[in-house]
Amino acid sequence: MQRYLIRRLLLLLPTLLLASILIFAIIALAPGDPARMMLGANATPEEVAVERTRLGLDEPIFVRYGIWLTDVGKLNLGVSQSNRRSVSSLIGDALPNTLRLAFISLTISILIGFPMGMVAATNANRRVDAIVTGFNSLGLAIPSFWFGLLLILFFSVQLKWLPASGIGEPNRPLYERLNYLIMPVATIVLSNMSVFSRYVRSAMIDVLSTDYVRTARAKGLSESVVVARHALRNALIPVITIVGIQFGRLLGGAVVTESIFAYPGIGRLVINSIANRDYPVVQATLMLVVLIFLITNIIVDASYAYLDPRVKLERAR
Amino acid sequence: MIERPPAPTTQAAGGAASPVSPGQIEAIVAPPAAAGTLKRLTRNRKGVVGLTFLAILLLVAGVGRFVVPFDPNEVHVAAQLAPPSTTYWLGTDVLGRDVFSRIITAAWPAVQAGVLAVTLAGLIGSLTGLAAGYFGGWIDACIGRVWDTLLAFPAIFLAIGIVSVLGPGQFSGVLAIAIINMPVSSRLVRAVTVGARNADYVEAARALGCSDWRVMTAHILPNCIAPLIVQMAIAAPDAILVEATLSFLGLGAPLPAPTWGNMLGEAQSYLARSWSYALMPGLAITLTVIGLNYFADALQDALDPRRIRAGSGNA
């Protein structure tokens, strides 16, 4: 296990390096001059030229990439070009919000999606199953930005129950601001619980047709014991992967949800910085998102092997 | 087991013990692949529903924009954000443009984006997957590493990044969606290719002096077609969803042209004044995605040899 983890972490480096090149290239190739964006439309060409030199934009692209990579290696993420705050403090502000949203949404999605999938699987091809399956396809087909708008339309505009955007006064305790979280969480839960429910259902159906489940039934065990003690544990192993992947995705910021509800998380930070051509922020945040995503994948793979002794990581690779 | 072709009506009337007609033998010996798939599709309810959805969507996308009641960009100053009425079936937007006409007109760019993106991803995916699987070694390693890197990004970030380089627009959206779909197609084709690389018929083709290119395209590629088509059918509704997301975020086709995504983006600012404007375009997206998912599901059943052999089709 240890050898496997070290190996995976080392393999992370080339992928991160390629990702950093890709991110840097995307930003270097993007149209628009950051110096001009900063100074506004009234700046003279001389002023723009001075600003370009100050930002180091006159250097060749390879030199700029080298400087940036060295800085990132030293954990010096630079300063935002639009509001002069350090990039690490911007990320430091946004990350807890994204983490909170991701944890709450994921927990609720699991609490709803898993039982739905199990009920559907144990009643496969009956009416309950058809209802759950239909609900799942609906949950996966409804675009999250539309669902979010409908929630705002109903709960904020019509009923005036919930605030439409933001996270409230940052100084107030969290439990007083929970109402700001309800709609963003619901938006994410809708699609995630459908994903989970669908995977739990198919994993459970697979397991319920195995020999050892038939043996357990033949022993005369009640159906609930068979499901709870024999089937469920094995069915959940493949589902762990999906949970991990979804979590990694959410940690990178639920871009769409965050922009609908003006929720100040990582995803919104990226979108706003792209719009403002605030490249230091875009670069650093995207690198962070990729890193989180890759590390979650490793953790998922490792936990997979831990939960299922049949998976031998060292030998398989 | 070979599928029995539909008996001609005259034959069906001819009695139970009638011998097989020459026409039937021909059909059994060489069942036309597409017709066989179509028949299997229409045999179960899921397939019929999926095909119907697809037909309606294609019809609306193909001819809808020529028969809509209003020009989608025609401004009606007197009727801004009007509720649905007999004149404006689904109401109007903030400039007084007819929402129904705009939704119908937007079906074409949506279908176009889905089909183009998935086809492009399939093409590049096949070429790279074939090369990776057939040659192996460093070619395989390099191609694999590129896909690993792309998969390290959450798809929507990658799409947004690519679009912001190329500038917002339909073409860059399609390209971005194609790129995020390439790793999956490529890996699929690679897996099939690795399986077929050392098969006897491939060895035989090589022994007969076929070039690598010919072995790959004429002997290995046909094996990849069925799984690739299923994968493309699964990816298409997703592609339409991503395109809508990009246009919602203001990164899609430039503004006067209607897309479902940019209509919703606009509707967000006027939620307090019009409920129908925010409702309808989203309904169009949802129906399209559900219908296409249904179709993809049914197509998978129809093309999966294991399910065909099992003879059920309505699993």
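**Two helical chains, one predicted model**

Hi everyone, let me start with a single residue: L99(A) is partly exposed, because 14 other C-beta atoms lie within 10 Å. For that label, a residue is buried if 20 or more other C-beta atoms lie within 10 Å of its own, exposed if 12 or fewer, and partly exposed in between, with C-beta atoms placed from the backbone. L99(A) sits in helix α5 of chain A. Its C-alpha atom is 9.2 Å from that of I266(A), although the two are 167 residues apart along the chain.

A word on what you are looking at. This is a predicted model, in which local features need pLDDT of at least 70 and side-chain atom pairs count only at pLDDT 80 or more, while totals for chains, interfaces and linings use all residues. Residues are numbered from 1 along each chain as its sequence is written, and chains are lettered from A and ligands numbered from 1 in the order in which they are written.

Now, chain A as a whole. How many helices and strands does chain A have? Chain A has 14 helices and zero strands. Helices here are DSSP runs of H or I with at least four residues, strands are E runs of at least two, and both are numbered from the N terminus. The C-alpha trace of chain A spans about 85 × 60 × 35 Å along its principal axes. Of the 317 residues in chain A, 38% are buried. If we take contacts in chain A between residues at least 6 apart in sequence, 71% join residues at least 24 apart. By contact I mean that the C-beta atoms of two residues, placed from the backbone, lie within 7 Å.

Let's split chain A up. It is divided into domain 1 (2-73) and domain 2 (87-316), and such bounds come from an automatic or database domain assignment. The C-alpha centres of domain 1 and domain 2 of chain A lie 32 Å apart. Where do the domains touch? In chain A, 17 residues of domain 1 are in contact with 14 residues of domain 2. On the domain 1 side, α1 (2-29), α2 (34-39) and α4 (61-73) of chain A each supply at least two residues. The largest share of that side, 12 residues, comes from α1(A). By class, the domain 1 side has 12 nonpolar, three polar and two charged residues. The classes work like this: Ala, Val, Leu, Ile, Met, Phe, Trp, Tyr, Cys and Pro count as nonpolar, Asp, Glu, Lys and Arg as charged, and the others, Gly among them, as polar.

One more residue to find on your screens is S86(A), in the loop between α4 and α5 of chain A. S86(A) is partly exposed, since it has 14 other C-beta atoms within 10 Å. From S86(A) to N76(A), 10 residues away in sequence, the C-alpha distance is 9.2 Å.

Next, helix packing. Two packed helices are described by the angle between their axes and the distance between the axes. Helix α5 (residues 87-122) of chain A packs with α6(A) at an angle of about 140 degrees, and their axes are 7 Å apart. That makes α5(A) oblique to α6(A). The axes are lines fitted to C-alpha atoms, for helices over the stretch in contact, and angles run from 0 to 180 degrees between N-to-C directions. Angles under 35 degrees count as roughly parallel, over 145 as roughly antiparallel, 65 to 115 as roughly perpendicular and the rest as oblique. On the α5(A) side, the contact is made by M116(A), V119(A) and A120(A), and on the α6(A) side by V128(A), D129(A), V132(A) and T133(A).

Over to chain B, which has 13 helices and zero strands. Of its 315 residues, 42% are buried. Are helices α10 (residues 212-248) and α12 (residues 275-303) of chain B roughly parallel or roughly antiparallel? They pack at an angle of about 170 degrees, with their axes 9 Å apart, and are therefore roughly antiparallel to each other. Among the residues making the contact are I229(B) and V230(B) of α10(B) and L292(B) and F295(B) of α12(B). The contact divides into 17 nonpolar, three polar and no charged residues.

Finally, the two chains together. In total, 34 residues of chain A are in contact with 31 residues of chain B. Elements giving two or more residues to the chain A side include α1, α7 (144-158) and α13 (279-307) of chain A. That side of chain A has 29 nonpolar, four polar and one charged residues. Thanks for listening!
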